[in-house]
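Biologist: Before we begin, could you take me through this model feature by feature, giving the general idea and then the case?

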Amino acid sequence: RRYANGRMLHLAMASNPSHLEAVDPVVLGRCRAKQRMRNDGDRRRVIPVLMHGDAAVVGQGVVTECLNFSELEGYTTGGTVHVVVNNQIGFTTIPADGRSSRYCTDIGKAIDAPIFHVNGEDPEAVATVGRLAMEYRQEFKRDVFIDLQCYRKFGHNEQDEASFTQPLLVKKIKSRKGVLKNYTDKLLSQKVISEADVEAIRLRLDESLNRAQSQAQEAPKDPTIDPGSERWSGMVHAFDFDPVDTSITESQLGELCNALSTVPDGFKLNRKLKPLFESRGALKDGGKDGSDEPMLNHADGELLAFGSLLLDGVPVRLSGQDCRRGTFSQRHAVVRDSESGEPYTPLNHMRESGVFGTDTPPGADGPDGKTLQAEIQIYDSPLSEFGVLGFEYGYSLADPNMLVLWEAQFGDFVNGAQVIIDQFIASAEQKWDRWSGIVMLLPHGYEGQGPEHSSARLERFLELCGGNNMQVCYPTTGAQHFHMLRRQVKRTFRKPLIVMTPKSMLRVPTANVKELLEGSFQELIDDPRFTTGRGSRKKVERVIFCSGKIYHELAARRDELSTDAVAIVRVEQLYPFHNVLAKQILDSYPKNAELVYVQEEPRNMGGFRHVAETLMMNLELPPPRYIGRPAASSPAVGSKKMHKQEQERIVSEAVGPKPADESAGDSNKNEKKAVASKAG
């Protein structure tokens, strides 16, 4: 919008589904991202404005979530202006049935936000309150509410007859003249304008509307925004399987490992973390002796991916409950001085940092000749899934050249954010042509922790997949984890990435460090027993497809039995499924080999139904035989003993029972061997 003095104001409206208030955190995250890109540290140049209905602002819990994080370090936007269009009715529900508080805006009192109640029939009062609210926001950088007391002249929609449920209210509304008539009469009585002025204004407005209608009829415009404008320039719609080089150099690896194993002089590192820092420092020498022994785990692969992107000038943002340390004490991306409590983020101290919105952004040459690094922003979130995931999704909309991630404390906690997943992450590209590269890290795996801590509900995400709208991955090695995260920002398109991350396998070495210096992410991994020539493909009688942790247990049992009768193929990316690669792998095994799908999850969960249907439809194969838990209403049992019995049954049925000399021994032996198995 251009003002009379020539100043321009950019107005951006967020695409909004018919799920009340769900868009609120999306707006706030997008605003925060724009502030960062403009180096708007004072948070005065980009301002969020949220419009609410009176029933929704108090009725939908996500509003409270947004208020709760409005002044937190990782989520503040410097204050939001909340405009509540208070029609004093929610569809057909009157305030007495819709809230327990006197005012719908009383929720703002939780953060001591000023609340201005103003008569919607008094335009001058409304304008005054609007100016006052904005001045307050700019001065104090806090949320402010405008409770616009008004009414709805007609029903909820064109077909709604409001007098069915609110006959007295409708009768009162019909007796009112209306805002325009009242204000016109006021100005005439005060002799501010004349009847001639009123008619001239009316004619001018009518002409303007008629002119706009004619222009729209003569040259219709597609209302859909261009998703590839400005910062998204060069991005494309289509997904493809073209490999992208995500390797790093030995020099970069050394720089990363040095940073991840070093703290400043005088910094008192917790003594229990010293072995972790030493092991990260040792990674730079991994594999130089020619050994193929795995020493890289998932946690290492993730941090090295983050750090390597920072060296490339690509910023990283990660938030979630306890994510600085990591729910399973695996990440420690931020450490604290054991005496002062001061935080230190090693990855932000590899090189001198660039600043967006200045002449020296990340990726530019620094004074020492090295490129300026970007920074990682990592925040422990409040105990919220809906609001925080919405915030991170909104953040991802603003900048495709940033890796934006949200981590669930446990995978199934994502259930609390299902509206954001359904209405934005899975469908926004088809509905509104909006692209996002948001990454969701969801701890998943069956270790006997019970129904609430086992499943990230993989099947729910697969049910939402269609038209290559998003990616669903379940990486089995630290190197795969590394390449997967780097790939997310190295391609020319952006699709949300849903990742089933490990729990018990987080710190288990699963890859060789050399794998970071070459190659790229593999959507399917053929059995290393046969790709390395240790086994004979001709002897294979059963080909197993599986994903995630169960692979390591199956491979461990196969090693114990020392058999070539079973081949184990890992599906690392369940969607989009790489049909061509799957056919190549299957064609390399005997045609009469039995095709089996093995999973830990119950039959009606996990990836079985999705992969089976894909193989039947796209490769015209008969359905694979299922081995796993029977269909169930609960993700897992609540008994550790029963879990182990179920797990043993699955592994035994898929590969074979454990050798006789072990079957009477310690029941934990097989599990311990499984997590120690080489990933190949």
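The dialogue below turns to a sheet, then to backbone geometry, then to a surface patch.

Modeller: This is a predicted model, in which local features need pLDDT of at least 70 and side-chain atom pairs count only at pLDDT 80 or more, while totals for chains, interfaces and linings use all residues. Residues are numbered from 1 along each chain as its sequence is written, and side-chain values use heavy atoms, with hydrogens and water left out.

Biologist: What is the order of the strands in the open sheet?

Modeller: Strands of a sheet pair through backbone hydrogen bonds, either parallel or antiparallel. Helices (H or I, at least four residues) and strands (E, at least two) are DSSP runs numbered from the N terminus, and two strands pair if DSSP finds at least two bridges between them. Here seven strands form an open sheet with mixed pairing, in the order E8-E5-E9-E10-E12-E11-E16. Strand E8 (376-380) and strand E16 (573-575) stand at the edges with a single partner strand each, so one side of each is left without a neighbour in the sheet. From one strand to the next, the twist averages 20°, where axes are lines fitted to C-alpha atoms, for helices over the stretch in contact, and angles run from 0 to 180 degrees between N-to-C directions.

Biologist: How many bridges join strand E10 to strand E12, and which strands does helix H11 lie across?

Modeller: Strand E10 (residues 439-443) and strand E12 (residues 497-501) run parallel and are joined by five bridges, with Leu441 opposite Val499 in E12. Helix H11 (residues 298-311) lies across E5, E8, E9 and E10, running at about 140° to E5; contact means heavy atoms within 4.5 Å.

Biologist: Where is the peptide bond that is cis, and which residue has phi near 70°?

Modeller: Most residues other than glycine have a negative phi, and most peptide bonds are trans. The bond from Tyr575 to Pro576 is cis, with omega near -15°, and Pro576 lies in the loop between E16 and helix H19 (579-587). Glu21, in the segment before H1, has a positive phi near 70°.

Biologist: Is Glu21 buried or exposed?

Modeller: Buried means under 20% relative accessible area, exposed over 50%, and partly exposed in between (1.4 Å probe, protein chains only). Glu21 counts as buried because its relative accessibility is 7%. Lys141, whose phi is also positive, near 55°, counts as partly exposed at 26%.

Biologist: Which residues make the nonpolar surface patch?

Modeller: Patches are made of residues with over 30% relative accessible area and no salt bridge (a side-chain nitrogen of Lys or Arg within 4 Å of a carboxyl oxygen of Asp or Glu), like charges being joined within 9 Å and nonpolar side chains (Val, Leu, Ile, Met, Phe, Trp, Tyr) within 5 Å. Accessible areas come from the Shrake-Rupley method with a 1.4 Å probe, and for residues only the protein chains shown count as cover. Tyr3, Leu9 and Leu11 make a patch of about 300 Å².
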